[in-house]
Amino acid sequence: MNSLSDLESDIECNINVLDDSTKPIRTKALCRLKVLNQQNSDLDDIESVFEDVKPKKRRKRKNRSRHRPIRRHSIVEFEDSSCDSNTEEENSLVDEMSSLSVKSGKSSLNPFKTDFDEEITAMALPGLNKNHEILFVCAPTNIVRHKEEIPDATIFYDTTFEMGISAIYSPYKFWFYLSRESEEFTDLTRKMDGFYNACYSSYVIPPQCIRINRPAAYRTSVGWRRVFILKSLNLETLSLTPNTKVTVFLIDFGEIIEANIDYLCFLSKDFAKLPRQSYRGRLALVSPLGCIHWSPYASVELGKITYKRTLEAKVYAYETNEQIFHLVLYDKANCKYYGSIQNIFAYYKYCQIYTYEEEIGRWPFKDELYPTFDMIEKHEFLESNEEQYYYSEEYKSLKIKQCTVYPQAAVGMKNEHNEQKEQSQS
């Protein structure tokens, strides 16, 4: 056995060739050996020397989460004698819920998982269901939502302008558009056609979202047009077919049509910025001849003589509340032959013409009181006992109060009619 002195010299000779990681440890051991050598210690103490100076192994720390994990018990762990203490009512409830879960195709390991989610939804959002548009996650994000409105027609103060008639309910109730705004509308329809023809399938409105007063886009025979839905689908009583239709109002034309729901799409917000292009009009200074209500033939005749015609309109009166223009109309192509449209109507004996002074004491006429423009556009009509208000003196005085008259529009119209009448007699 080597002495401590021999071991010390051996370590001293090899200390310079050791790697950097063990050199500090060997140096410390060498110092301890010198101390032992001076104390004449036995060689058995060498083990204690290296016991003190050898590096301690670091214990690997386990990655523990910040919170202690929750112990999850299986159903088997609770199958003890305490289960026998359940009442018969509790046991029957468990059996019933388990059978419900099996029938609904859900796992029997979770027998209490039923239609609880739908109940929570109903409690959190009263009156809504999972198919409602708020929960309908498949809808595009840039659409006009239910009951959001398109801006009303721009108010203008011109007393003379060019226009065209788009839809007719009667000579007292028709819708028209301004010729000067036709370029903006043409640009809108061109963009709508390109947009919806490219991504039609992504914007189709599901049946559960077809609701009254929803703005939408509809594909007509001449292209895509903006509409208001006037009737909701009752999915509980209605069996959907490929040709299921719903009533809609063409916003920019004032016309009511039946639309196939397969071609109803959500309206993009990009197409809702342009105000509605249809205005409300009334044929001024006339009344039905010999009766209270306009004949259906009068409406047909008005459609014939104004179809795709550019008309010159003079504003005789304007009703502020209902935004109705009382107009004297002239056909620019045939103006020199027939004069105003009112004169043509009088010539065919559909109406009688008044001067400004003559109409003051007679207006408003009964046939224009009910139904109102709002009722026609929303397709909502009252019961016979409720419509009496619109024939009352209160409602008549309200219309008179809100009407502004421009008498200059009536100048010469009566004379034109008399001259035409004399020419026809001669």
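What follows is a short chat about a predicted model of one protein chain.

Me: What should I keep in mind about the numbering and the cut-offs here?
Reply: Residues are numbered from 1 along each chain as its sequence is written. The model is predicted, so local features need pLDDT of at least 70 and side-chain atom pairs count only at pLDDT 80 or more, while totals for chains, interfaces and linings use all residues; side-chain values use heavy atoms, leaving out hydrogens and water.

Me: Cool. How many helices and strands are in the chain?
Reply: The chain has 13 helices and 13 strands. Those are DSSP runs, numbered from the N terminus: H or I over at least four residues for helices, E over at least two for strands.

Me: And how much of the chain counts as buried?
Reply: 37% of the 426 residues. Buried is under 20% relative accessible area, exposed is over 50%, and partly exposed is in between, with a 1.4 Å probe and protein chains only.

Me: What about contacts between residues far along the sequence?
Reply: Taking contacts between residues at least 6 apart in sequence, 67% join residues at least 24 apart. A contact here is heavy atoms within 4.5 Å.

Me: Switching topic: what is the mean pLDDT?
Reply: It's 75 for the chain, and 62% of the residues reach 70 or more. pLDDT is the predictor's confidence in each residue, on a scale from 0 to 100.

Me: Which stretches fall below 50?
Reply: Residues 120–125 are one such stretch, with two contacts in the model beyond near neighbours in sequence. Residues 127–131 are also below 50, and that stretch has seven contacts beyond near neighbours.

Me: Now the backbone. Where are the cis peptide bonds around P364 and P371?
Reply: One runs from W363 to P364, with omega near 0 degrees, and another from Y370 to P371, with omega near -5 degrees. P364 sits in the loop between α10 (356–360) and α11 (373–378), and P371 is in the loop between α10 and α11 too.

Me: Why bother pointing those out?
Reply: Because most peptide bonds are trans, and most residues other than glycine have a negative phi.

Me: Which residues other than glycine have a positive phi, then?
Reply: N213 is one of them, at about 70 degrees, and H379 is another, near 60 degrees. N213 lies in the loop between α6 (182–203) and β3 (215–220), while H379 is in the loop between α11 and α12 (393–401).

Me: Are they buried or exposed?
Reply: N213 is partly exposed, at 30% relative accessible area. H379 is partly exposed as well, at 40%.
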